[in-house]
Amino acid sequence: MTSFADTQRKRSKILRIGLQALFSIASMALLIWFLANDDFYEKVTKIHWSTIVGAFALTMFQAAATALRWDLILKNYSIHFPLVTVFRVQLASLFASLFLPSSVGTGVGKLILLVKAASPVKILESVILDKVFALLALALLCTISIGYIFITHPESTAIFYQQWIIAVILVGLVLGVILWRKGQRYLSGMARIFNVIPTLSLPALLHISLISLLAPLLTICVYILVASHLAPELQPWKFLLLLPTVMMVSALPISFNGWGVREAASVVVFGLIGMDEPQALAISVQVGVLSIIPSLVGAFCWYKLPARPDGSSGNPATD
């Protein structure tokens, strides 16, 4: 019976990943088919070397910041790795996200690399809590972004209401399925994770919150860097106010590494500031391509990680 359940679970995961891959491929194909022109292909293939170097540096800085945030959370679980090790795991998890859905890629990478080094339950909880802080910070920026859009472009209010209604319905259906089958286990698990937040010291909580706000701002800087070469007439502060909405939509667990969703959202949101569709699509595709380069560095970080955290007993039951 257990074997049959495991088989069904694996098939369900494969089907879900297959549908997400199909969604990304289909949406990208449709966007390029309907929106791309000769100018689009020229802009996508013409990447200045300074853009590549700048985007690489910003993404590495973001990986270092998120590694520091996760390290602070790990310490609260009495799991002490060298910060360099945590940074290497963070880079390796970025590499994993190239082949897995964007919502789980980085978490799976962290679990694969550290699940034998400490208590699997604590590692899993630390990864989920890390994502919770990241999403809360992004949600705060997204709220400011949507408020700006509603004030400056009131004609777009109806469109956003429709999108939010659809998103709420989809999230509600997913949560309904989860809670119907395994509701008690999930609720007790999430309650245990959220109970960790009050145990964080005030300096740690402050540092984690600031880092969580810094990480999406660094992604916005990558967009600004790309746009400064493809659309130099645009004002950077508008990207600062508009991009959190794009990033929040891209974080939905329906695609691979945000491909397709990020581009569609960019076309809609950038259109509010007068950017033509091929140009918005080109900027988003360039950002996606440039994010691959630092992720490939993570492929070299999968080796020679410590067998157990420094200062721990190495026993998952006690660590």
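**Helices, aromatic pairs and a surface patch**

Tryptophan 237 has a relative accessible area of 42% and is therefore partly exposed; buried means under 20% relative accessible area, exposed over 50%, and partly exposed in between, with a 1.4 Å probe and protein chains only. The model is predicted, and for this reason local features need pLDDT of at least 70 and side-chain atom pairs count only at pLDDT 80 or more, while totals for chains, interfaces and linings use all residues. Residues are numbered from 1 along each chain as its sequence is written, and side-chain values use heavy atoms, with hydrogens and water left out.

The protein chain as a whole may be considered next. Its secondary structure comes to 11 helices and zero strands; helices (H or I, at least four residues) and strands (E, at least two) are DSSP runs, numbered from the N terminus. Read from the N terminus on, the elements run α-α-α-α-α-α-α-α-α-α-α. Of the 319 residues in the protein chain, 43% are buried. The protein chain exposes about 16,900 Å², and carbon and sulfur atoms supply 73% of this area; accessible areas come from the Shrake-Rupley method with a 1.4 Å probe, and for residues only the protein chains shown count as cover. Where contacts join residues at least 6 apart in sequence, 77% of them join residues at least 24 apart; contact means heavy atoms within 4.5 Å.

One buried position is found in helix 6, which spans residues 120-152 and contains isoleucine 123. Isoleucine 123 counts as buried because its relative accessibility is 0%. Its C-alpha atom is separated by 8.6 Å from that of tyrosine 77, although the two residues are 46 apart along the chain.

The aromatic residues come next. A pair of aromatic rings is described by the distance of the centres and the angle of the planes. Rings of Phe, Tyr and Trp (its six-membered ring) pair if their centres lie within 6.5 Å; planes under 30 degrees apart count as stacked, over 60 as edge-to-face and the rest as tilted. By this rule there are four aromatic pairs. In one of them, phenylalanine 40 and tyrosine 41 have ring centres 5.2 Å apart and planes at 70°, so the pair is edge-to-face. Phenylalanine 40 counts as buried because its relative accessibility is 3%, whereas tyrosine 41, at 45%, counts as partly exposed. Tyrosine 148 and tryptophan 237 also form an edge-to-face pair, because their ring centres lie 6.2 Å apart and their planes stand at 80°. This pair links distant parts of the chain, with tyrosine 148 in helix 6 and tryptophan 237 in helix 9, 89 residues apart. Tyrosine 148 has 15% relative accessibility and so counts as buried. Ring pairs also link Tyr223, Phe239 and Phe270 into a cluster.

Helix 9, covering residues 236-250, also holds leucine 240. At 43% relative accessibility, this leucine 240 counts as partly exposed. Beyond its neighbours within four places in sequence, leucine 240 is in contact with Leu217 and Ile220. The C-alpha atoms of leucine 240 and serine 145 are separated by 8.3 Å, with their places 95 residues apart along the chain.
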